[in-house]
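User: Pick one part of this model and take me through it slowly, the way you would at the bench. I'd like the neighbours and the wider setting too.

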Amino acid sequence: AQIRICTVKYLTHLRLYAVVYGILLLGLAIFKATEFWKLNGFHGSRLISVLIRDQVIYFILYIVPSML
């Protein structure tokens with residue numbers, strides 16, 4: 001039986017999948033927020049604002065250090 005060793009390429013793919021998934025979630029949250037804000041005005045749900053804020057913070061903390 002062979003033991004699979006985690007390579008840099010494998011770990012890079014895992015990181016890429018996490019980033020793509022996060023971008024998808026951020027896009028969906030922004031899409032739903034714009035629909036909600038069009039119907040209810042800009043003073044909408046606190047939950048939507050928190051979701052978008054947290055996702056943006058996540059990207060800043062995740063992507064910026066990887067660029068350095």
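Analyst: Helices are DSSP runs of H or I with at least four residues, strands are E runs of at least two, and both are numbered from the N terminus. The model is predicted, so local features need pLDDT of at least 70 and side-chain atom pairs 80 or more, while totals for chains, interfaces and linings use all residues. Residues count from 1 along each chain as its sequence is written, and side-chain values use heavy atoms, leaving out hydrogens and water.

Let's zoom in on Thr34, which sits in helix 1, the run from residue 8 to residue 40. Thr34 counts as partly exposed because its relative accessibility is 32% (buried is under 20%, exposed over 50%, partly exposed in between, with a 1.4 Å probe and protein chains only). Right beside Thr34 in the sequence there's a contrast: Ala33 is one of the buried residues of helix 1, along with Val19, Gly22, Leu26 and Ala29. On the other side comes Glu35, which is partly exposed because it has 32% relative accessibility.

Glu35 also has a partner. Its side chain meets that of Lys32 in a salt bridge, 3.2 Å from N to O (the cut-off is a Lys or Arg side-chain nitrogen within 4 Å of an Asp or Glu carboxyl oxygen). Glu35 and Lys32 both belong to helix 1 and are three residues apart, about one turn of the helix. An α-helix has 3.6 residues a turn, so residues three or four places apart point the same way.

Now step back to helix 1 itself. It has 33 residues and covers 47 Å from its first C-alpha to its last, close to the 48 Å expected (1.5 Å times one less than the residue count). Just after helix 1 comes Gly41, with a positive phi of about 80°.

What about across the chain? The C-alpha atoms of Thr34 and Ile48 are 9.8 Å apart, with their positions 14 residues apart along the chain. Helix 2 takes in residues 46-67, and Val56 is in there. Val56 is partly exposed, because its relative accessible area is 37%.

The structure has two salt bridges; besides the Glu35 and Lys32 pair, Arg53 forms one with Asp54, where the closest N and O atoms are 3.3 Å apart. Arg53 comes out as partly exposed because its relative accessibility is 43%, and Asp54 is also partly exposed, at 38%.

For the wider setting, the protein has two helices and zero strands, and 13% of its 68 residues are buried.
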